[in-house]
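Open the model in your viewer and keep the sequence panel visible. The tour goes from one selection to the next and says what is there.

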Amino acid sequence: MRQTFHSRTHLVLLLLIAVTLPFSRNINSYCIVLLALNWVAEGQFREKWQRLRNNRLALLFLAFFLLHVAGVLYSEYWQDALKLVERKLALLVFPVVLGSIAPIGKKNIQKLFLAFAATIAGGALFSLLVHAWQWLSTGAEPEIFYHALVQPIGISAIYYSCYVCFSIFALAFYIKENWQVLSFNIKFISGFLILFLTGFLILLSSKIFLFIFIILGNLFLLFFIFNKQRIKKAAIAGGAFTILVAVVIASVDAIQERFRSVWPSNLEVLQQEQFRYDTPFTGLTLRLVLWQMAWQVQQEQQAWIQGVGIGDARPLLNEQYRERNLYLGNPDLNDTGYLNYNVHNQYVQVLLELGVVGLLLWLAYLFLPLLVAGYGANRLWIFFTIMMATFALTEVYLATQRGVVFFAMFQSLFVFLMKKDETGANGKFVL
């Protein structure tokens with residue numbers, strides 16, 4: 001009876017963590033703390049320790065977190081380092097909890113994914129309703145693109161695009177794998193949500209996630225709708241899908257402008273030793289310059305193996321920004337410019353902070369579980385990995401709660417709760 005109570009509580013708290021993640025960092029943090037406390041109250045530490053010891057992937061995930069802890073020891077700015085470790089506690093909590101508890105069941109995991117998708121759709125609808133109300137109240141034309149679109153729910157358009165993209169394919173795989181047993185109403189509602197979220201993703205106009213969406217959409221059509229045996233039909237469908245999305249993007253000036261701001265980019269700025277406040281950076285050239293500076297820091301510190309430490313990366317980058325006269329803001333306008341910017345690439349950031357050792361562990365964290373799972377890997381998990389690996393090229397999502405909790409929780413769900421008693425022949429169930 002006690003075991004059942006704690007198992008159900010684990011499930012409820014995981015659900016609450018998923019649905020509060022986009023909207024409230026504080027409530028989300030409290031739910032994570034309660035998940036950890038419920039795990040402690042459940043007891044059975046000998047069995048849990050045995051599960052963790054026997055799971056090499058759990059040890060890999062723990063090693064990546066412990067390397068961050070070790071990074072505090074050789075950070076001059078150790079107080080900043082401790083804050084960063086605290087922000088990354090999700091990398092400890094989710095592998096330990098989900099890697100040691102009993103299976104919560106395929107249907108429960110499906111419900112969690114669907115609840116997350118429904119929550120994201122609800123947040124999208126709320127944002128549109130707020131903008132519609134403001135338009136009706138003031139008569140002013142609402143700005144319903146990029147960050148302004150999700151301003152009513154207080155989240156970055158980039159991270160909401162990540163959630164929307166994942167939700168679209170969670171729903172798509174749910175329909176695909178359960179087509180024979182779903183009622184017409186469920187199919188209709190799920191299909192409508194996919195179309196609604198797709199439209200919202202386009203309005204969010206995140207370049208990286210529109211690119212990811214097109215790639216994953218084509219992969220879905222190729223492997224899971226038309227199958228590899230009908231490549232010609234899949235290619236035609238994929239081409240039509242890509243053209244349709246491109247036409248929609250091209251037909252909206254505000255979204256067009258987002259893409260025009262990147263290309264053409266003046267790559268000559270990469271050759272500059274000094275910059276001005278009005279140096280014409282685009283999103284692409286700024287990232288390339290930041291990566292270049294991170295490389296320079298790494299060379300100067302000779303910290304290729306162990307990195308500069310998680311607390312020292314930001315001060316050392318700020319020093320580079322000052323030396324090369326990167327715009328550092330205007331105090332009179334409360335503008336800090338590029339001061340305290342990270343490198344906007346998870347791979348480069350890990351290399352800078354934790355060196356080659358950290359980068360290898362990060363790559364293993366991302367890709368090794370899928371390689372271990374092999375052909376029987378969960379299909380949505382494959383898409384999740386592609387999405388997060390691509391997202392890491394432009395953002396340091398492990399530095400934010402909305403990024404690290406999303407990644408650590410869903411990666412752990414895919415890795416640890418695909419238990420043998422839930423599976424088919426390959427030891428992995430497929431949603």
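Start by selecting I194, which is found in helix α10 (residues 184-204). Helices here are DSSP runs of H or I with at least four residues, strands are runs of E with at least two, and both are numbered from the N terminus. I194 has a relative accessible area of 17%, so it is buried. Buried means under 20% relative accessible area, exposed means over 50%, and partly exposed lies in between, with a 1.4 Å probe and protein chains only.

Which residues does I194 touch, not counting residues up to four places away in sequence? Show the side chains of I168, L171, A172 and I175 to see them. A contact means heavy atoms within 4.5 Å. Now add S167: I194 and S167 are 27 residues apart in sequence, and their C-alpha atoms are 8.1 Å apart in space.

Before moving on, note what kind of model this is. It is a predicted model, in which local features need pLDDT of at least 70 and side-chain atom pairs count only at pLDDT 80 or more, while totals for chains, interfaces and linings use all residues. Residues are numbered from 1 along each chain as its sequence is written, and side-chain values use heavy atoms, with hydrogens and water left out.

**The whole chain**

Zoom out and colour by secondary structure. The protein chain has 18 helices and zero strands. Its radius of gyration is 23 Å, close to the 22 Å that the globule rule gives for 431 residues, so the chain is as compact as a globular protein of that length. The radius is taken over C-alpha atoms, and the rule is 2.2 Å times the number of residues to the power 0.38. Along the principal axes, the C-alpha atoms fill a box of roughly 65 × 55 × 50 Å.

Of the 431 residues, 50% are buried. Among contacts between residues at least 6 apart in sequence, 71% join residues at least 24 apart. Switch on the surface next: its accessible area comes to about 21,100 Å², and 63% of that belongs to carbon and sulfur atoms. The area comes from the Shrake-Rupley method with a 1.4 Å probe.

**Helix α5**

Select residues 78-87, which form helix α5; the buried residues there are A81, L84 and V85. They cover an arc of only 100° around the axis, which puts them on the same side of α5. The arc is that of the directions from the helix axis to the C-beta atoms. An α-helix has 3.6 residues a turn, so residues three or four places apart point the same way.

What lies against the buried residues of α5? They pack against α4 (56-73). On the face turned away from the buried side, select the exposed residues Q79, K83 and E86.

**Helices α4 and α3**

Stay with α4 and pick L59, which is found in that helix. L59 counts as partly exposed, at 38% relative accessibility. Leaving aside its neighbours within four places in sequence, L59 is in contact with L52 and R53. A distance drawn from L59 to F220 spans 32 Å between C-alpha atoms, and the two are 161 residues apart along the chain.

Move to R53, in helix α3 (residues 45-53). R53 is partly exposed, with a relative accessible area of 47%. From R53 to Y159 the C-alpha distance is 34 Å, with their places 106 residues apart in sequence.

**Helix α11**

Where does L219 lie? Look in helix α11 (residues 207-225). L219 counts as partly exposed, at 24% relative accessibility. L219 and F383 are 164 residues apart in sequence, but 8.9 Å apart in space, C-alpha to C-alpha.

**Two positive phi angles**

Most residues other than glycine have a negative phi. Select Y146, where phi is near 55°, a positive value in a residue other than glycine. Y146 is in helix α8 (residues 146-149) and counts as partly exposed at 21% relative accessibility.

End at N325, with a positive phi near 60° in a residue other than glycine. N325 is found in the loop between α15 (313-323) and α16 (346-373), and at 41% relative accessibility N325 counts as partly exposed.
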